[in-house]
Amino acid sequence: MTELRLFNSLTRQLETFTPVHAGEARIYTCGPTVYNYPHIGNMRAYVFADTLGRVLSYEGYKLTHVINITDVGHLTDDADAGEDKMEKMAAEKAQSIWDIARHYTEAYWADIKALNIRQPAHWSIATDYVPQMIDYAKSIADKHCYELESGLYFDTSTVAHYGALARAKTEDGEGRIEEVEGKRNAADFAIWRKTPAGETRQMEWDSPWGKGAPGWHLECSVMSEALLGLPFDIHTGGIDHREIHHPNEIAQNQARCGSNHSGARFWMHNNFLIERSGKMSKSSCEFLRVQLLIDKGFHPLAYRLMCLQAHYRSELEFSWEGLQAAFVRLKRMVMGVANLKSRHAELVPESIVPKAPMVQADTWTLKQVQGNVAPILSAPLKDFVAAATDDLNTAIAITALETVLGLKKVDVAQQLATIADMDKVLGLNLMTLTRQDLRVRPKAATITEEDIENALAARKEARAAKDFAKSDAIRDDLIAKGVEVMDGDPLGWDWKLDI
Ligand code: AMP
Ligand code: ZN
C-alpha cells in the first residue's frame, strides 16, 4: 500500500491518511438538494468524491461511501433566511414536494451513471431520518440550543473554536449574516424550523419544539453518524460548504461528542467549476446540465476527463472548447485501447488462449499487475500510483496512462491490463467504451449515421472514378446537414456531427 497524502481543510495541510478502522475507509459526501437539476459544477463535486473513493479502493481499503439526498430543510439562503428550496419549487410547479424530490433525484442519479460515478454503499434520504434528527436535537438541546419563535437554534458560543474550518471570525457582525432576529450570536443556526403559526407546510413533523422541519446542517450530522459512526474518515463537499454548512456540522458533532471531535478525520473540499457567461445558473435558459452536453453531441465521460485534467483543489473554467479538447483526448485513448485490443486478438487467437480475462477491468488488481509487469511498464505505473496518492493528482496520473498507451514493443496483454488497472482510478471506462459509444448524436441532428455512412461510401466511389464534381457535391450536402467530413483524421474518425 502506497502512502496516501490528502489535503485536510481542517489543518490546510497535506496529511497522511490513516483509517479510523483498520483496513476500512468511510466517506460521507454532502449530496444534492433535489429541487432542480444538478448543473455540471455540482457534478464536479461527485466526480471528485468518486475519484477519492476509487483511490481508496485501489489502495485496498474496504470503502463505505454515503451520499445524502436533501429533500427537506435547505433554505434558499444559507443564513437561515428565505424559503425552503423544496417547498418553493413545489409551489412554482404546482406539484407535491415528493414528486419534485423523486423527479430530480432520478435526474441526479442519471447524471451519476452517465459520469461513471460508482454507486455509494448508501444513498441516505433526509426525510427517512427525521425521527433520528429529532432525537439528536433533543440530545444536544439543553446544553447547546435555545428556542426562538421561528425555531430551535444552535448557540455557536457553546463549542470551542466555532468556525475553525472556515477560518471565520466569529465575533458578532463579522463574517456572518445575522438575518434572524433574537439570535444570540450572528453565526447561530436553526436546527429545527417551526412552521409559522397559521401556515401549513407540505413537509412537516411534530417535535418537542412544535410542528416543523429539520435544519439542513442537522441532516448531515445525523445521517453520517447513523451510517458511518463517529468519527469516520473523510467528509467531502464543495468549497462553499467549508464556510457555513461544514462548520455547523462540526459544531453539532462537537456538541454530541465533545469539543475535540469534529466528526471526521479529514474534511476535503473540491474547488468550483466556473463559467463566466452565467450558464451555470439554474435559472438560465440553456443551463449547463450533463444532458445539455449530451444533447450537443459530447460523451459525458469527456466531462469527467475534463474534471480529472484539473486538480480538484483548483478552480476549473468551463468552456466548450475545453470540453471539445477533453473529448478528443478521450477518443484518442479509446482508439488507442481499441488498437491494442486488435493487436492482442491477432497475437493471441481466442481459440488458443481465452483473451477476455486479460482485458476485463475487474480481473486485474494493482498487486497482480505489479507482480507481473514488464519493467518498461512499471515506471509509468509507479508514476501513476505516486500521482494518484499525492492528493489525487489525476492530471499527472492521466499522462502516465497515456505513456503506457503509447508504448511499443511491449507485451500487449500486460499493457492492456495496466491500462485497465489505472482506469479503475480514473473511471473513464476505457476498456469498454467503443468508437460507436463516442458517436453521440446531437439532439438537433437531422441526418442518421446510416445516411452519413452511405453518403461517404458514395463519395469514395465518386472520387475513385475521379468524378470530383459529384464528390464535392456530396461533401457540401453533408456539411449543410451539420456533418464535418474529416479526411485524413489521425484518429481515423472520418466524420463528426458539428451542430
Ligand atoms: P447543492 O445541491 O447546492 O447542495 O450542491 C451540491 C454540491 O455541489 C455541493 O457539494 C456544492 O458544494 C457543490 N457545488 C456547487 N456549485 C459548484 C460549482 N460551481 N463547482 C463545483 N462544485 C459545486
Ligand atoms: Zn451536508
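**Two helices and a zinc site**

Colleague: Why are H12 and H14 called roughly parallel to each other?

Modeller: This is a predicted model, where local features need pLDDT of at least 70, side-chain atom pairs need 80 or more, and totals for chains, interfaces and linings use all residues. Residues are numbered from 1 along each chain as written, chains are lettered from A and ligands numbered from 1 in written order, and side-chain values use heavy atoms, without hydrogens or water. Now, the axes of H12 (residues 375–388) and H14 (residues 412–426) cross at roughly 5° and come within 11 Å. Angles under 35 degrees count as roughly parallel, so H12 and H14 get that label. Helices here are DSSP runs (H or I, at least four residues), and axes are lines fitted to C-alpha atoms over the stretch in contact, with angles from 0 to 180 degrees between N-to-C directions.

Colleague: Which residues of H12 and H14 make the contact?

Modeller: Among them are Leu 377 and Phe 384 of H12, plus Met 422 and Val 425 of H14. Contact means heavy atoms within 4.5 Å.

Colleague: What makes Cys 30, Cys 220 and His 245 donors of the zinc ion (ligand 2)?

Modeller: Donors are N, O and S atoms within 2.8 Å of the metal (3.2 Å for Na, K and Ca), and sites may look incomplete because water isn't among the atoms. The SG atoms of both cysteines and NE2 of His 245 lie 2.0 to 2.2 Å from the zinc, so they qualify. Cys 220 sits in H5 and His 245 in H6, so the pair ties together parts 25 residues apart in sequence.

Colleague: How do you know whether Cys 220 is buried or exposed?

Modeller: Its relative accessible area is 1%. Buried means under 20%, exposed over 50%, partly exposed in between (1.4 Å probe, protein chains only), so Cys 220 is buried.

How values were computed: Parallel < 35°, antiparallel > 145°, perpendicular 65-115°, else oblique.
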